[in-house]
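Colleague: Could we go through this model together, one question at a time? I would like the reasoning as well as the answers.

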Amino acid sequence: MGEHAAAPTHIPVLFSAVMEGLAVRDSGVYLDGTFGRGGHARGVLERLGAEGRLLVMDKDPAAIAEAEQLAQSDARVSVRQDSFAHLAEWDATASGLDGVLLDLGVSSPQLDNAERGFSFMHDGPLDMRMNPQAGQSVAEWLAEASESAIADVLWHYGEERQSRRIARAIVARRTERAIERTADLAALIAGCVGRGESGKHPATRSFQALRIFINRELDDLDSGLAAAHARLRSGGRLAVISFHSLEDRRVKQFMAAHAKPPASNRRLPEPRPFTPTLRLIGSKQVADDDEVRANPRARSAVLRVAERVG
Ligand SMILES: C[S@@+](CC[C@H](N)C(=O)[O-])C[C@H]1O[C@@H](n2cnc3c(N)ncnc32)[C@H](O)[C@@H]1O
């Protein structure tokens with residue numbers, strides 16, 4: 001980075017709606033499972049009293065370094081580098097939480113730093129791990145995965161209609177030379193898909209799919225929702241921002257399953273009496289035009305909020 005280059009930043013999405021949704025209590029205990037650059041976390045701290053606590057998690061070492069700096073200047077903050085899927089294993093959550101925020105997906109600094117390998121716009125090593133110290137990179141996985149496994153990932157996590165053709169091209173190419181750069185993979189996919197949807201790079205869906213797969217994002221989301229539900233105190237709030245339909249469907253179904261009785265079916269025996277453990281707070285919220293203009297990443301953001309009851 002040049003001497004005058006600004007530090008990579010991340011503009012928090014749906015900030016006011018998240019703060020309203022969390023309804024921060026003065027002496028509450030809150031957990032931000034996706035610290036990123038701390039935009040939402042700082043908002044929580046501004047609303048929290050001296051007795052309150054903010055627990056923050058992230059998989060990413062750069063996010064954790066920033067969170068640790070914040071913790072040094074604010075004794076209410078505790079930090080743990082881990083997936084939010086494991087939030088209930090953190091002792092600090094054992095006495096219960098008054099709010100949990102999950103702002104899913106990647107941060108702008110992750111996308112903008114070519115070396116992290118998330119971007120088809122900036123050439124870099126084909127990595128895409130939120131924690132580059134754990135697990136396999138996309139390049140390592142693509143070097144050994146079967147053609148059908150690659151096609152399945154592109155189809156299930158990217159809904160990429162050309163998944164088989166792209167998988168075939170990847171396997172053909174890797175016999176000549178390894179695919180190790182994001183630009184190399186993006187060009188290979190563009191060659192299979194053509195121009196794709198207007199306004200979208202043809203590799204958008206495939207990159208999304210590989211990122212979700214390599215970081216186990218949907219499994220983490222399922223575990224994280226269950227762990228948050230288990231740790232929330234009565235009256236505690238769960239706020240989740242998702243960025244694509246695969247995530248949002250899971251969030252919506254999870255919240256509905258705990259808030260509403262299952263639809264009755266005359267052919268099945270009477271279900272057991274249903275006791276809700278969540279109450280939906282409003283319906284889904286999306287960014288308005290002004291926010292999308294100021295922060296294009298907000299375009300696909302969907303916020304859902306629920307309150308723990310019982
Ligand atoms: C959209 S950004 C969050 C931005 C943050 N709300 C802010 O205002 O700066 C998502 C962050 O969540 C992290 N992340 C994604 N999945 C995670 C998981 N399962 N566990 C922990 N952190 C995760 C990413 O590393 C990234 O830093």
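Colleague: Over which residues does pLDDT stay under 50?

Modeller: This is a predicted model, in which local features need pLDDT of at least 70, side-chain atom pairs count only at pLDDT 80 or more, and totals for chains, interfaces and linings use all residues. Residues are numbered from 1 along each chain as its sequence is written. pLDDT is the predictor's confidence in each residue, from 0 to 100, and the chain averages 93, with 96% of the residues scoring at least 70. The stretch you ask about has zero contacts beyond four places in sequence (a contact means C-beta atoms, placed from the backbone, within 7 Å); pLDDT stays under 50 over residues 1-6.

Colleague: Thanks! How many helices and strands does the chain have, and what is its radius of gyration?

Modeller: Helices (H or I, at least four residues) and strands (E, at least two) are DSSP runs, numbered from the N terminus, and the chain has twelve helices and eight strands. The radius is taken over C-alpha atoms, and the globule rule is 2.2 Å times the number of residues to the power 0.38. For 310 residues that rule gives 19 Å, and the chain's own value is close to this, so the chain is as compact as a globular protein of that length: its radius of gyration is 21 Å.

Colleague: Which residues touch the most other members of the largest nonpolar core?

Modeller: A residue is buried if 20 or more other C-beta atoms lie within 10 Å of its own, exposed if 12 or fewer, and partly exposed in between, with C-beta atoms placed from the backbone. A nonpolar core is a set of buried Ala, Val, Leu, Ile, Met, Phe, Trp, Tyr and Cys residues joined through C-beta atoms within 7 Å. The largest one has 50 residues, and those touching the most other members are Leu14, Val56 and Leu303.

Colleague: Which strand gives the largest share of this core?

Modeller: The largest share is five residues. A second, separate core of 27 residues includes Phe118, Ala139, Ile166 and Phe213. For the largest core, the strand in question covers residues 232-242 and is S5.

Colleague: On to helix H7: do its buried residues line one face or several, and within what arc do they fall?

Modeller: The buried residues of H7 are Ser163, Ile166, Ala167 and Ile170. Seen down the axis, they line one face of the helix, because the directions from the axis to their C-beta atoms fall within an arc of 100°.

Colleague: And which exposed residues does the opposite face of H7 carry?

Modeller: The buried side of H7 is covered by elements including helix H5 (138-144), helix H6 (147-158), helix H8 (182-193) and helix H9 (204-214). The face turned away from that side carries the exposed residues Ala172, Thr175 and Glu176.

Colleague: What span should H6 have, and how far apart are its end C-alpha atoms?

Modeller: The expected span of a helix is 1.5 Å times one less than its number of residues. H6 has twelve residues and should span 16 Å, which agrees with its end C-alpha atoms, 16 Å apart.

Colleague: Which residue follows H6, and what is its phi?

Modeller: Within H6, Ile150, Ala151, Val153, Leu154, Tyr157 and Gly158 are buried. They cover an arc of only 165° around the axis, which puts them on the same side of H6. The residue that follows H6 is Glu159, and its phi is positive, near 45°.

Colleague: Is Arg231 buried or exposed?

Modeller: Arg231 is found in helix H10. Leaving out residues up to four places away in sequence, Arg231 touches Leu87, Ala88, Thr93, Gly96 and Leu97. There are 21 C-beta neighbours inside 10 Å, so Arg231 counts as buried.

Colleague: One last question: where is Ala23 found, and what is its phi?

Modeller: Ala23 is partly exposed, with 17 other C-beta atoms within 10 Å. Ala23 is found in the loop between helix H1 (15-22) and strand S1 (29-32). Its phi has a positive value in a residue other than glycine, near 45°.

Methods: Contact = placed C-beta atoms within 7 Å.
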